[in-house]
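Student: I should like to learn how to read a protein surface that faces DNA. Could you take me through one case?

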2 protein chains.
Amino acid sequence: MEKELRRLPDSELEVMQALWELEEPICRAAVEEKLAQRRLAVTTLLTLLTRLSDKGFVRIEKDGRRSRYVPLVSRKDYQAAQSRRFVQQVCGGSISAFASALCDSGLSREELDELRRLLEEDAL
Amino acid sequence: MEKELRRLPDSELEVMQALWELEEPICRAAVEEKLAQRRLAVTTLLTLLTRLSDKGFVRIEKDGRRSRYVPLVSRKDYQAAQSRRFVQQVCGGSISAFASALCDSGLSREELDELRRLLEEDAL
DNA sequence: ATAGATGTACTACAAATGTAGAAGGAGACT
DNA sequence: AGTCTCCTTCTACATTTGTAGTACATCTAT
């Protein structure tokens with residue numbers, strides 16, 4: 001971890017989320033299906049995948065006419081990197097500001113308790 | 001809280017951070033000084049302040065030739081809103097994914113402990 | 001081989017973002 | 001009053017992001 005990954009724009013992140021949820025090898029149709037609610041034009045999706053490839057987040061494997069899309073960045077690494085970014089950039093690196101923000105974020109008491117519990121476990 | 005605040009682009013957020021750290025009334029020069037390391041052209045800073053005003057994050061008070069800048073969104077509200085966004089958008093709303101991300105984020109053991117402690121306190 | 005279906009590559013374009021020069025108004029100094 | 005400063009408003013422009021149409025290659029079923 002600690003990969004210093006750039007933040008992806010919203011649309012591209014949505015595509016990555018879809019890729020992360022799918023089983024490889026991933027074809028365009030599968031991504032499309034996963035993002036069905038978005039109702040993106042096929043070409044739009046292809047554009048986003050190409051941009052993700054340009055940014056090094058995805059490898060496009062040509063298989064004749066078809067293409068396969070392979071995530072090169074793991075969801076875990078991305079989330080970790082962005083968490084760091086968030087604490088630094090939004091909370092100015094202040095853990096107390098971060099904690100307050102979480103408490104006021106609208107997360108339920110249960111969710112906050114769960115978070116605390118998980119942090120405790122991982123601390124072991 | 002719960003104000004559903006849009007995410008600000010990096011440059012604008014930096015300016016907001018400066019505003020939040022300054023005492024009102026805030027003049028351009030003060031912001032400039034606070035952001036000295038950025039070495040922004042004066043006009044660039046003014047553009048960013050204007051955009052923040054357009055987005056409702058700042059009120060520009062004319063005082064003759066000078067202008068004063070008043071943050072209309074509190075740092076706390078912004079941080080809370082963005083925390084929510086982060087958990088939803090990046091972690092897909094999964095608290096466990098969020099917890100893992102934090103553990104792998106590069107935050108030190110001490111910082112994670114502090115976070116846990118603060119969440120506990122606030123839970124009371 | 002031919003026509004329709006499919007899939008990708010190119011091109012396009014508006015809006016948002018990052019950054020800044022040019023121009024013009026209002027005080028300050030002489 | 002004339003000029004120098006300082007400040008802000010306008011305008012500008014490259015890049016990024018969101019979204020999609022058009023053109024062309026390939027497959028598939030006649």
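Tutor: The turns below treat the surroundings of one DNA strand and then the domains of one chain. Please bear in mind that this is a predicted model.

Student: How many residues surround DNA strand C, and which are the closest?

Tutor: A residue is taken as near the strand if one of its heavy atoms lies within 4 Å of it. Here 20 residues surround DNA strand C, the closest being A:K62, B:R38, B:T47, B:R51 and B:K55. They divide into nine charged, six polar and five nonpolar residues.

Student: Which helix gives the most to the surface near DNA strand C?

Tutor: Helix 3 of chain B does, with four residues. Among the elements that each supply at least two residues are also helix 1 (10-21) of chain B, and helix 3 (42-54) and strand 3 (66-71) of chain A.

Student: What part of DNA strand C do the atoms within 4 Å of the protein belong to?

Tutor: Of these atoms, 64% belong to sugar or phosphate, and the rest to bases. Individual polar contacts illustrate both kinds. A side-chain N or O atom of B:R65 is 3.1 Å from a phosphate oxygen of the strand, and a backbone N or O atom of B:A41 lies 3.2 Å from a phosphate oxygen. By contrast, B:T43 places a polar side-chain atom 3.1 Å from a base nitrogen.

Student: How is chain A divided into domains?

Tutor: Chain A comprises domain 1 (10-71) and domain 2 (75-120). Their C-alpha centres lie 28 Å apart.

Conventions. Residues are numbered from 1 along each chain as its sequence is written. Chains are lettered from A and ligands numbered from 1 in the order in which they are written. This is a predicted model: local features need pLDDT of at least 70, side-chain atom pairs count only at pLDDT 80 or more; totals for chains, interfaces and linings use all residues. Side-chain values use heavy atoms; hydrogens and water are left out. A polar contact is a pair of N or O atoms within 3.5 Å; within protein, one must be able to donate a hydrogen and the other to accept it, and residues adjacent in sequence count only if both atoms are side-chain atoms. Ala, Val, Leu, Ile, Met, Phe, Trp, Tyr, Cys and Pro count as nonpolar, Asp, Glu, Lys and Arg as charged, and the others, Gly among them, as polar. Domain bounds come from an automatic or database domain assignment.
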